[in-house]
Amino acid sequence: MVKNITFHNCDHILSKVFLALDGELSSEEEASFLAEINQCGDCLEKYQIEKSFKDFLSKKVRKECCFETLAQNIKNKLYGNSSS
Ligand SMILES: [Zn+2]
């Protein structure tokens, strides 16, 4: 069935999971990475867990971070924060 992958190292793939999730892989690398993990249930599962965890974190951060406060902080940095 799967004969194009003669050697598959789950640990090696796992290190790529974080790179992929951080957008550190080129689109070519990401494509071959996704193709490879799709043929390994363990890797695919780990990838999906990490991905949903990351999505969860980014949603949580977005929710808890008040956008106006962030904008104010940026303004303070840009114009100098002399009022405090
Ligand atoms: Zn694997």
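**Helix packing and residue burial in a predicted four-helix model**

Of the 84 residues of the protein, 4% count as buried. The model is predicted, with a mean pLDDT of 83 for the protein and 80% of its residues reaching 70 or more. The secondary structure consists of four helices and zero strands, and along the sequence the elements follow the pattern α-α-α-α. Confidence in the protein is highest in H2, at a mean of 93, and lowest in helix H4, which covers residues 67-79, at 80.

The packing of two helices was examined in detail. In general, a pair of packed helices is described by the angle between the two axes together with the distance between them. For helix H1 (residues 10-21) and helix H2 (residues 27-37), the packing angle is about 130 degrees and the axes lie 11 Å apart. H1 is therefore oblique to H2, and H1 passes H2 in a left-handed crossing. On the H1 side, the contact is made by Ile-13, Lys-16 and Ala-20, while H2 contributes Glu-30, Phe-33, Glu-36 and Ile-37. By residue class, the contact of H1 with H2 comprises four nonpolar and three charged residues, with no polar ones.

Ile-37, a residue of helix H2, takes part in this contact. Ile-37 has 23 C-beta neighbours inside 10 Å and therefore counts as buried, the cut-off for burial being 20 or more. When residues up to four places away in sequence are not counted, Ile-37 touches Ile-13, Cys-43, Leu-44 and Tyr-47. Of these, Ile-13 also belongs to the H1 side of the contact between the two helices. A further spatial relation links Ile-37 to Val-17: the two residues are 20 residues apart along the chain, and their C-alpha atoms are separated by 9.3 Å.

Phe-18, located in helix H1, provides a contrasting case of residue environment. Phe-18 counts as exposed because 12 C-beta neighbours lie inside 10 Å, and a residue with 12 or fewer falls in that class. Phe-18 and Tyr-47 are separated by 29 residues in sequence, and the C-alpha to C-alpha distance between them is 8.4 Å. Tyr-47 is also among the residues touched by Ile-37. Tyr-47 is thus related in space to one residue of H1, Phe-18, and to one residue of H2, Ile-37.

Technical notes:
Residues numbered from 1 in each chain as written. Predicted model: local features only at pLDDT ≥ 70, side-chain atom pairs only at ≥ 80, totals over all residues. Axes fitted to C-alpha atoms, helices over the stretch in contact; angles between N-to-C directions. Parallel < 35°, antiparallel > 145°, perpendicular 65-115°, else oblique. Left-handed = near helix turned anticlockwise from the far one by under 90°. Contact = placed C-beta atoms within 7 Å. Nonpolar A, V, L, I, M, F, W, Y, C, P; charged D, E, K, R; others polar. pLDDT = per-residue confidence, 0-100.
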